[in-house]
Structures are given as C-alpha cells and as structure tokens.
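Colleague: I'm new to this one and would like a close look at a single part. Could you walk me through how some of its helices pack?

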Amino acid sequence: MKCYRNLFTLLFIGLLTCQLHAQSQMSSGWEINADHINPNDYYGLTVGNGMLGLVTSSDPLTVKDVVLNGVYDNYGRGRVSNILKGFNFANMTLDVDGQRVGINNISHYTQSINMKKAVFTARFDVGNKVSVTYTLRALRELPFTSLIQLTIKANQDVQVSPANIIQAPDILHNVHNYYSEITKPHAIIPLLTSVGDSPTGKHTVAASCSYLFSGIPQPKLIHEEWDQNMHLVRFTQKLKKGQSFTFSVVGSETSTAQYADPRNAAERLSIYAMLAGTDQLIKRHDELWDNLWRGDIKIDGNLSDQRDVRFCLYNLYSFVRAGSGYSLSPMGLSGLGYNGHVFWDSAIWMYPPLLMLHPEIARSILDYRYNRLGAAEQNARSHGYKGAMFPWESADTGQEATPVWALSGPYEQHISADIAIAAWNYYRVTHDKEWLRNKGYPILKNVADFWVSRVEKGPDGKYNINNVVAADEWAENIDNDAFTNGAAIKALKAAASAAKILDEKADPAWNEVADNIPILRFKDGTVKEFSQYHGEKIKQADVNLLSYPLQIITDKATIKKDLAYYEPRIGEGPAMSYSVLALLYSRLGDSSKAYELFRKGFVPNKLPPFGVLAESAGGTNPYFATGAGGMLQSVLAGFGGLTITDNGIEQKGGILPREWKSLTITGVGTENKTFTVK
C-alpha cells in the first residue's frame with residue numbers, strides 16, 4: 001500500500017509540475033492559444049527557421065503553404081520573379097475506424113504556438129474514440145527540414161490509419177513521385193519523394209519525407225499514388241483502450257537555388273534527420289531557439305503587450321537566419337506577398353531590431369546586398385550614373401524586379417542610401433573593421449559615388465535630388481523629397497567616416513554634396529515633404545523619419561511641429577508609420593501619446609485566431625513583418641531608449657507607459673548587454 005501511495009504522490013507531483021510549467025509559459029507571454037477555429041475567419045501563422053516557412057491551416061493535420069527561401073521564377077504578378085511555393089510535404093490524413101478525420105467531425109479543437117520553443121501544436125478529439133496531438137517544427141538546426149509529431153491516444157478499442165502526403169502546388173510541373181525503402185540491420189528507412197520544375201523550368205524543386213516510430217514496432221507501410229501531383233504513405237494500427245503511440249515524420253525540401261541535385265540533397269537530409277532521432281532533433285532545435293531568445297524583450301505588468309511584442313520577435317526570428325545570405329521580404333516566409341521580394345522594409349524597418357538583438361542575423365541581410373553589389377553597379381550604369389543603384393525590388397539576381405508599371409522601380413532611389421546606412425550601423429554596433437574594409441566600405445563607397453552623380457547642382461549652390469518617388473509613395477516624380485534627401489546625406493557622411501577609419505582616400509565631393517543637399521521647410525519651420533507639397537494626405541511617414549532613424553532633425557521644437565503636422569495627414573497606409581511616431585513621442589517624454597500610437601500601429605491589424613499582422617488596418621494579407629519591425633523599434637528605441645551611436649548601442653533615456661511596470665531588454669549588441677526601464 002505504501003508503494004502505491006509513493007507512486008501516486010510521484011504521479012501527482014509530475015502532473016502538477018507539467019501543469020505549472022504550462023501555466024508559466026502562458027502567464028509569461030510565451031504562448032498564443034486559439035480555442036475557436038473558424039475556417040471562414042482564419043489566418044495562419046508561420047512556423048519557420050529562416051529557410052522554410054510552413055503556414056498553418058484551419059484544417060486538422062494540414063499546412064496551407066510551404067515557402068522555400070531564395071527560390072524565384074518568372075510568373076504571376078507583374079511579369080517578374082516571384083518566390084515559389086514548394087511541395088507541401090507536411091500534410092497528413094487520419095482515418096479512425098474507417099472514417100476520415102476532418103474539421104466537421106472533431107471536437108475540443110485547439111491550436112497554439114509556443115514561441116519560446118517555436119513549436120505549433122493542435123489538439124482535438126474524434127468522438128469518444130481517440131484524442132490526437134499534432135506538433136510541427138521547422139528545425140532550426142537543419143534549415144531545409146521540418147519535424148511533425150502525431151500522438152494518438154485511444155479512448156476505446158480502435159483502428160487508426162494515418163498517412164503522410166506530398167502534394168505539388170499548381171505552379172510546379174513535370175512532377176515525378178518516388179517511393180523506396182532502404183533496409184539496414186537495425187532500421188528500414190522509408191523515403192517518400194517528389195521532384196518538379198518551376199514554371200519556366202529555371203529551377204528544380206524536391207521534397208522527401210521519412211518516418212520515425214516510438215513505442216511500437218515499425219508497421220507495414222503502404223505507398224499510394226493518387227495522381228501525378230499527390231502521393232502518400234499510410235499504415236494501419238490497432239489500439240486498445242488507454243493505449244497511445246507517437247510517430248514522427250521528417251520532411252526536407254531543397255531546390256537548385258541551393259543544391260545542384262536537390263533530390264539527392266532532400267533525401268539525404270531526411271535520412272540524416274530520421275537516424276538522428278526525434279529526441280535529438282528536438283533537443284538541438286530547443287537549444288538554438290534558447291540562444292535566439294537571449295535577445296528578448298520582457299514587459300512586466302501587461303501580458304497582452306508582452307505576447308504581442310514576443311510574437312513580432314518570433315516572426316522575425318522565423319523569417320531569417322544567420323549565415324544564409326538571405327534577406328527579408330515584407331511578408332517574410334508567410335506566403336507569396338510582394339512576390340517575396342526584398343525592399344527598403346528590410347533595411348529600415350526589420351533590420352534595426354535584429355541588429356540590436358542579433359548582429360549575426362543582421363549581417364546576413366547585408367551579405368544579401370553585398371553579394372548583389374555588381375548588379376547594383378550595372379543598374380547605375382544603365383541609368384547613366386556612377387557607383388551602385390540598388391533595385392527597389394530585389395530577388396535572386398539583384399536586378400530590378402519591380403513590375404514595369406510601378407514607378408517605384410526606377411525612381412524610389414532612397415533604397416540605395418537605406419542599404420548604406422544599414423551597413424554603417426552594422427559597423428557602429430560591431431566595430432568589425434575587417435568586415436567594414438571587405439564588405440561594408442565597398443557598399444558605402446559605391447552608394448556615395450551614386451549620389452554624387454545623381455544630384456543636380458542649382459544656381460544657389462544646392463545639390464537637388466529631382467524626380468524621385470518619395471518614401472511617401474503617393475508622391476511620385478517629385479523633387480527634393482525629405483526622406484530621400486536626408487538618407488542621401490547620411491549615406492554620404494557615412495562613406496566619408498568609413499574612409500577615415502580605414503585610411504582610405506575619400507572623395508571630397510561626398511562631404512561637399514552632403515553639406516548642400518536641401519531639407520525644405522514651410523515658413524513656420526515645419527519640414528516640407530517635397531518641393532511641390534501643399535499639405536495633401538500622405539501614404540506613410542516620410543518627414544518624421546528625419547528625426548528617427550536618420551537623426552537629422554534633432555531639436556525638440558521641430559520634431560513636435562513635424563509630428564503635429566503630419567500625423568493627421570497619414571492615410572490608410574502601412575502600419576509602421578504609427579510606430580515611428582510612437583517612438584518619437586516617447587523620446588519627447590509623452591508616454592501617453594506614445595502608447596496610444598504604439599497600439600494604433602498594430603492592434604487594428606491583428607487577424608484571428610493568433611493575431612498575425614496585416615499590412616494595414618482591415619487588411620487581410622499577413623504576415624506583415626515590416627510592421628513587426630517598426631513596432632519592435634518603438635519598444636527598443638522608443639520606450640527602451642536604445643540608440644545606435646559611434647560607441648555602439650547606448651541607452652539614452654527611456655520612458656514607460658503607465659500600462660507597464662518595467663521593461664527589460666536582454667542580449668543587446670555583441671556584448672549581450674541588458675537594459676532596463678522602470
């Protein structure tokens with residue numbers, strides 16, 4: 001009897017510990033739970049590792065899309081390159097006593113994301129027969145591989161038949177399906193593989209899956225090919241009441257953008273993951289995410305804001321990875337939004353939070369640009385300029401990928417200055433002189449040379465930048481846009497500073513031009529957005545960016561005047577405008593107004609059931625990673641007071657809204673510093 005009491009006590013303690021751990025995860029802002037899944041009002045979140053993005057679905061055991069980073073072909077919008085949907089290798093089916101499981105015959109259906117561990121979990125019951133738990137990870141240690149786990153608990157004697165499916169999206173053609181089993185002394189390795197071509201045949205894409213079983217012997221696997229674009233492997237298992245078992249599926253996807261033989265690579269990676277085993281895969285995945293979360297933002301006193309801020313960080317961490325040489329699209333890896341192209345969004349909005357919390361990830365964004373510097377130089381020559389003119393929309397080649405009908409392609413030229421500023425700030429944070437010499441300075445020098453050749457000297461001695469698309473993109477083919485001019489000034493000054501550090505000879509024209517690019521003003525001192533501007537509505541912040549991030553306008557009176565003038569003129573544009581206004585109000589000491597705008601910048605953009613961000617209030621095109629980057633800057637550089645200086649990242653002030661008790665920012669910069677505001 002005593003033994004049973006001891007066993008009961010141990011079980012009780014174990015259950016209590018698990019319950020307390022789960023409650024701790026929720027109360028500390030690490031989990032987002034969806035208890036009501038409505039297929040007609042559902043916007044999936046992305047489970048990503050910077051290379052693979054798997055977008056969740058309202059349907060049980062399924063994934064809506066699989067996006068593979070860096071793979072583009074010419075099809076779709078604008079007759080330009082578009083990022084590809086890959087094979088959907090993460091879908092499953094489940095039959096219980098011969099009945100196919102679907103959203104209409106399950107109960108107690110919930111979905112959740114544990115951001116700390118980057119694991120998506122769905123749970124449901126099938127009648128009173130079985131309880132099912134499905135988890136999905138895009139493995140951080142294996143950039144091309146994901147792990148699915150399915151646990152089935154029998155509530156009565158049943159027969160279950162799960163299946164793993166590979167399905168080709170419509171855009172892939174010439175699809176071939178393969179199934180094989182590799183027999184080893186201690187294991188049979190099943191491989192379910194599909195290979196197909198991108199729309200023009202530019203790329204070959206391959207996906208391959210394998211099974212891992214625990215708790216039961218490996219059952220007999222049956223391969224079925226339903227049609228050319230879909231095949232599966234299924235098995236059947238009988239379960240006694242109270243019995244449960246778990247199995248896993250590892251799936252890998254690659255393309256000729258990364259491997260010469262993507263089928264070979266996908267199959268080998270899945271075999272590697274299968275033989276590593278589920279426990280080892282999860283252990284390594286968790287360790288790497290723990291390392292990512294050393295760069296964290298902790299808000300005490302407001303659980304809702306804590307979750308929202310962490311969710312923004314989670315998405316940025318999911319969309320890019322160190323060492324990949326890839327950058328960030330406005331929609332990350334959440335789908336095909338904006339063709340998966342790279343804009344100013346990466347340099348101005350998403351890059352700064354990553355630079356503050358993970359410089360090694362930020363470096364990948366700059367590597368992407370450095371690796372395409374030659375294309376930017378060609379683009380400058382093609383337009384009659386010197387140096388490097390980076391494209392407004394960039395894909396794999398670094399050539400202009402904006403649809404021809406969009407004037408932002410040839411005219412939204414502040415992008416080149418934005419990239420140079422990002423490169424200079426990387427040096428200011430890391431003081432990596434070798435990087436500056438080898439990669440940073442070539443970008444800075446070429447961008448400075450571009451602006452010297454781009455400006456037009458007026459009779460008053462000013463160097464005008466005429467005929468551009470403003471950062472406020474409703475303003476097309478205008479002269480002396482405030483942000484464009486300000487960004488050019490900062491880029492030219494940065495090139496001169498870098499040359500001095502490296503003992504290189506700077507072109508004296510860099511400083512001369514920078515000192516004479518005009519920033520226009522109205523009679524009352526308010527900065528004028530561009531020379532032809534007369535107070536009309538604007539799409540998004542432009543003038544206010546001179547105060548942050550450019551720090552050209554620094555006197556508080558002008559900052560206040562510009563805020564008062566332009567805030568009511570912002571139209572239904574993208575979310576990040578309000579985040580920069582919130583940041584500026586916090587730096588002015590108005591925490592109430594700052595918090596109001598902080599919330600206005602993302603709360604109206606949240607979509608059910610997880611709160612993924614749309615580009616604008618009422619929009620339906622998530623996930624808008626640009627908005628997430630802006631929101632995070634309002635916390636880090638606004639409420640948190642962090643500032644990038646020549647001495648690195650410093651805290652200059654910081655102010656809390658009354659809704660928060662404290663703010664702690666960890667893992668800042670190369671020294672992993674901690675900053676607190678109370």
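Colleague: Within how many Å do the axes of helix 5 and helix 16 come, and at what angle do they cross?

Modeller: Keep in mind that this is a predicted model. The axes of helix 5 (residues 344–357) and helix 16 come within 8 Å, crossing at roughly 50 degrees. Angles from 35 to 65 degrees are neither roughly parallel nor roughly perpendicular, and the two helices are therefore oblique to each other. The crossing is left-handed. On the helix 5 side, the contact includes Ile 348, Trp 349, Pro 352 and Pro 353, and on the helix 16 side Gly 629, Gly 630, Leu 632 and Leu 636 are among the residues involved. By class, the residues of this contact split into 11 nonpolar, 4 polar and 1 charged.

Now for helix 16 itself, residues 625–639. With 15 residues at 1.5 Å each, helix 16 should span 21 Å, and its end C-alpha atoms lie 20 Å apart, which agrees. Of its 15 residues, 15 are buried, so helix 16 is largely enclosed by the rest of the structure. After helix 16 comes Gly 641, with a positive phi near 75 degrees.

Helix 5 has another neighbour, helix 9 (residues 414–430): their axes come within 8 Å and cross at roughly 15 degrees. That angle makes helix 5 roughly parallel to helix 9. Here too, helix 5 passes in a left-handed crossing. Trp 344, Ala 347, Ile 348, Tyr 351 and Leu 355 of helix 5 meet helix 9 residues including Ile 415, Ile 419, Ala 422 and Tyr 426. This contact has 10 nonpolar, 2 polar and 1 charged residues.

Methods. Residues numbered from 1 in each chain as written. Predicted model: local features only at pLDDT ≥ 70, side-chain atom pairs only at ≥ 80, totals over all residues. Heavy atoms only, no water. Helix = DSSP H or I, 4+ residues; strand = E, 2+ residues; numbered from the N terminus. Expected span 1.5 Å × (residues − 1). Buried < 20%, exposed > 50% of the residue type's maximum accessible area, 1.4 Å probe, protein only. Axes fitted to C-alpha atoms, helices over the stretch in contact; angles between N-to-C directions. Parallel < 35°, antiparallel > 145°, perpendicular 65-115°, else oblique. Left-handed = near helix turned anticlockwise from the far one by under 90°. Contact = heavy atoms within 4.5 Å. Nonpolar A, V, L, I, M, F, W, Y, C, P; charged D, E, K, R; others polar.
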